[in-house]
Amino acid sequence: FVDQPSLFEQLMLSTKWGNLVNISTVGDLNEQICSGSISDMILVQEALQERRIGEIAAQIFQKKDTKIVLVAGPSSSGKTTFSHRLAIQLRSFGLRPHIISMDDYFVNREQTPIDIDGNYNYEVFEALDIDLFNDDMLDLLDGERIEMPQFDFKAGKRVYKGRFLQLGKEDILIIEGIHGLNPRTSEELPKENIFKIYISCMTSLNIDEHNRIPSTDARLLRRMVRDARTRGNSAQHTFELWPKVRLGEDMNIFPYQDDADAVFNSVLIYELAVIKQFAEPLLFNVRQNEPAYYEAKRLLKFLEYFVGVDTAAVPTNSLLREFVGGGCFHA
């Protein structure tokens, strides 16, 4: 057993949020959906998350030397939308945030490590040009004007498209990537300039009084729905990738989660009722002769517990919009 007080605190906070709207089980959620009070509950949940993001922004603002905010978390934890919402909160404090994806510092494809199946492995730390990243960050901290890279996934290399950046007194960087908490990522940077955030997906909702909902199932369904919408991936393809994704998290993310200055739980208590309508058609398309058939059947049975909710009541800035679409932020 490893004590993780920060994660536990945020899980208990989410449980408290559920109690505020009188929801602790799927049955409670379904009752509110059927009674027609779901819209108010959604707004309360979104307001509670926004307040937490505001609290983290206040922490960053109060740490006066902070110039680089590193945001890390496992797959489908909502890092992109969180970064945009954090940027808006920081602007309310008079700061000028700039969002950067650590993916733009991938090495060129011919230098990318290969996994045991012969595929490019973008999950490992060695897939990043960490020397270039640290050099650029140090130049920015010294007040220099630099041209920021952008990784072209189609061409498999970094390109430069005239995006120049120079940090002034009120400027701050929000850098999102799975290796953000790894001490090797920022080992050359002054610690007083760094603020680290770990974003996770820890569901506090229970199926009933005795059975919890695994957070990994919630993240898997998030990813399945998002990748089908943005990349055209089938559910079978997502199932095939998932073990490698989980292995990468165990190696590169979870060991460093206790090093964060702040933790954010991205789970919304109502989200599976919304994701249900997007996930079920994908899961039904997994055929009996495919390896993931029984896993797809398990998730279909799980989703039967939920009464579905339309996306119309979900705000456009919700973290859930990163997965189901219709959001106001662009990656």
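Helices and strands are DSSP runs numbered from the N terminus, a helix having at least four residues and a strand at least two. With that in hand, Leu29 can be placed in helix H2. Everything shown below comes from a predicted model, so please read the legends with that in mind.

**Figure 1. Overview of the predicted protein, with its 10 helices and seven strands.** The radius of gyration is 20 Å, close to the 20 Å that the globule rule gives for 331 residues, so the protein is as compact as a globular protein of that length. Along the principal axes, the C-alpha trace spans about 55 × 45 × 40 Å. Among the 331 residues, 54% count as buried. Of the contacts with a separation of 6 or more, 76% are made by residues 24 or more positions apart. About 15,500 Å² of the protein is exposed, and carbon and sulfur atoms supply 50% of that area. On the charge side, there are 36 positive and 48 negative side chains, and the centres of these two sets lie 4 Å apart.

**Figure 2. Leu29 in helix H2 and the residues around it.** Start with a simple question: is Leu29 buried or exposed? Leu29 counts as buried because its relative accessibility is 0%, and the cut-off for buried is under 20%. Beyond its neighbours within four places in sequence, Leu29 is in contact with Ile23, Ile38, Met41, Leu205, Ile269, Tyr270, Ala273 and Phe306. One of these partners makes a good landmark for the view: Ala273 is 244 residues from Leu29 in sequence, yet their C-alpha atoms are 8.6 Å apart in space.

**Figure 3. Glu46, a buried acidic residue in helix H3.** Helix H3 covers residues 38–62, and Glu46 lies in it. Glu46 has a relative accessible area of 6%; buried means under 20%, so Glu46 is buried. What does the side chain of Glu46 make a polar contact with? The partner is the side chain of Ser318, at 2.7 Å. Not counting residues up to four places away in sequence, Glu46 touches Arg85, Leu268, Tyr270, Pro315 and Ser318. Tyr270 will be familiar from the previous figure, where it is listed among the contacts of Leu29.

**Figure 4. Asp40, an exposed residue of helix H3.** Asp40 lies in helix H3, as does Glu46. Asp40 has a relative accessible area of 56%; exposed means over 50%, so Asp40 is exposed. Ala313 is a useful second point to label here: Asp40 and Ala313 are 273 residues apart in sequence, with their C-alpha atoms 9.0 Å apart.

**Figure 5. Arg158 in strand E4 and its polar contacts.** Strand E4 runs over residues 157–165 and includes Arg158. Which groups does the side chain of Arg158 reach? At 2.8 Å it reaches the backbone oxygen of Phe106, and a polar contact of 3.2 Å joins the side chains of Arg158 and Asp129. Leaving aside neighbours within four places in sequence, the contacts of Arg158 include Asp104, Tyr105, Val107 and Asn108, as well as Leu132, Pro149, Gln150 and Phe151. For scale, the C-alpha atoms of Arg158 and Asp103 are 9.8 Å apart, with their positions 55 residues apart in sequence.

**Figure 6. Leu221 in helix H6 and its contacts.** Helix H6 holds residues 215–230, with Leu221 among them. Leu221 is buried, with a relative accessible area of 0%. Apart from residues up to four places away in sequence, Leu221 touches Leu272, Ile275, Ala279, Leu283, Leu299, Phe302 and Leu303. Leu221 and Leu283 are 62 residues apart in sequence, and their C-alpha atoms lie 9.8 Å apart.

**Figure 7. Two loop residues with positive phi, Asn22 and Ser76.** Where does Asn22 lie? Asn22 is in the loop between helix H1 (5–20) and helix H2 (26–35). The phi of Asn22 is near 60°, a positive value in a residue other than glycine. Ser76 is placed in the loop between strand E1 (68–72) and helix H4 (79–92), and although it is not a glycine, Ser76 has a positive phi of about 65°. As for surroundings, Asn22 is exposed, with a relative accessible area of 61%, whereas Ser76 counts as buried at 3% relative accessibility.

Terms used:
Residues are numbered from 1 along each chain as its sequence is written. This is a predicted model: local features need pLDDT of at least 70, side-chain atom pairs count only at pLDDT 80 or more; totals for chains, interfaces and linings use all residues. Side-chain values use heavy atoms; hydrogens and water are left out. The radius of gyration is taken over C-alpha atoms; the globule rule is 2.2 Å times the number of residues to the power 0.38. Buried means under 20% relative accessible area, exposed over 50%, partly exposed in between (1.4 Å probe, protein chains only). Contact means heavy atoms within 4.5 Å. Accessible areas come from the Shrake-Rupley method with a 1.4 Å probe; for residues, only the protein chains shown count as cover. Lys and Arg count as positive and Asp and Glu as negative; His and the chain ends are not counted. The place of a charge is taken as NZ of Lys, CZ of Arg, CG of Asp or CD of Glu. A polar contact is a pair of N or O atoms within 3.5 Å; within protein, one must be able to donate a hydrogen and the other to accept it, and residues adjacent in sequence count only if both atoms are side-chain atoms.
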